[in-house]
Amino acid sequence: MDRGLILIVEDDPDIMQILDAYLIRDGYRTVRAGDGETAITHFSMLRPDLILLDIRLPKLDGIDVLTRIRRERDTPVIMVTALAEDMDKLTGLRLGADDYIIKPFNPQEIIARVNAVLKRTRQPVGASILRFGAIEIDTESYIAAVYGDAGRTILPLTLSEFRILAHMTRRPTHAFQRADILDACLPESDALARTIDTHIANLRKKLTDHGACGYLVSVRSIGYRLAGEQKP
């Protein structure tokens, strides 16, 4: 059974071997990279289905690797690191990481996170097409677009941003608490509820940059909601 190709980016050979063994046992193919430059090469040539990415790497650190990956594709990325500070979590998520795991970890937890992220990627939930104002979301293709004077423009969203926008679009004008968004869109993550602020800020900027202004508004003491239909 081939469940997909996982790129393991880790400079500790013992940890790499453990991750490799557990992933293969669970039916995945794997490719390894012990430094950031090799990771970029494998990513460009092999197009893995998911990347397990350490932060502290030789030659090119994990944040730089993630930044380069996000310039090209929305490949799911799970950060695996010993850096537990909240600012490091926020940095990774702001750049587009889909999940974050702190060392030391149980290898079974890694497998569970990998399965969960890939399931979110491959199995849409609910109606195929969602629309709100100028926004259109295809939950089967995982494509979000904005319609304006120039026609249809696809939004360059990460998987987490896509799921948040789709979740909110299913209940237009409803006020969502941060914890509710976190539970619905990142249920397997150990991220703090406040990390939703980072995702929302990135999502709002991408919408605004593509002509969809004023859709995401803050609700004081609660969280966020989609505004009434706006003209881009």
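This note goes through the predicted model point by point, from the overall fold to single residues.

1. Basis. The model is predicted: local features need pLDDT of at least 70, side-chain atom pairs count only at pLDDT 80 or more, and totals for chains, interfaces and linings use all residues. Residues are numbered from 1 along each chain as its sequence is written, and side-chain values use heavy atoms, with hydrogens and water left out.

2. Overall make-up. The chain has eight helices and 12 strands. These are DSSP runs numbered from the N terminus: helices are H or I with at least four residues, strands are E with at least two. Of the 232 residues, 50% count as buried. Buried means under 20% relative accessible area, exposed over 50%, and partly exposed in between (1.4 Å probe, protein chains only).

3. Surface and contacts. About 10,900 Å² of the chain is exposed, and carbon and sulfur atoms supply 49% of that area. Areas come from the Shrake-Rupley method with a 1.4 Å probe; for residues, only the protein chains shown count as cover. Among contacts with a separation of 6 or more, 58% join residues 24 or more positions apart. Contact means heavy atoms within 4.5 Å.

4. Main core. The largest nonpolar core holds 30 residues; I137, I164, L165, M168 and L207 have the most contacts inside it. Such a core is a set of buried Ala, Val, Leu, Ile, Met, Phe, Trp, Tyr and Cys residues joined through side-chain atoms within 4.5 Å. Two or more residues come from each of β6, β7, β8, α6, α7 (178-185), α8 and β12 (223-226). Helix α6 gives the largest share, six residues. M168 is worth a look: beyond its neighbours within four places in sequence, M168 is in contact with F176, I181, I200, L216, Y224, R225 and L226.

5. Second core. Another core lies apart from the main one. It has 21 residues, including L5, L53, V77 and M79.

6. Aromatic pairs. The whole structure yields two. Rings of Phe, Tyr and Trp (its six-membered ring) pair if their centres lie within 6.5 Å; planes under 30 degrees apart count as stacked, over 60 as edge-to-face and the rest as tilted. F132 and Y215 have ring centres 6.0 Å apart and planes at 75 degrees, so this pair is edge-to-face. The pair links distant parts of the chain, 83 residues apart: F132 is in strand β6 (129-132), Y215 in the loop between α8 (195-209) and β11 (216-219). F132 is buried at 10% relative accessibility, and Y215 is buried at 1%.

7. The other pair. Y142 and F162 have ring centres 5.1 Å apart and planes at 40 degrees, so they count as tilted. Y142 sits in the loop between β7 (135-138) and β8 (143-148) and F162 in helix α6 (159-169), so the pair ties together parts 20 residues apart in sequence. Y142 is buried at 19% relative accessible area; F162 is buried at 5%.

8. Charges over rings. R25 lies over the face of Y22, at 4.6 Å from the ring centre. R47 lies over the face of F43, at 5.2 Å. The test asks for NZ of Lys or CZ of Arg within 6 Å of the ring centre and within 35 degrees of the ring normal.

9. Cysteines and a loop residue. There are zero disulfides, defined as pairs of cysteine sulfur atoms within 2.5 Å. C185 is buried at 2% relative accessible area, whereas C213 is partly exposed at 39%. D26, in the loop between α1 (13-25) and β2 (29-33), is partly exposed at 25%.
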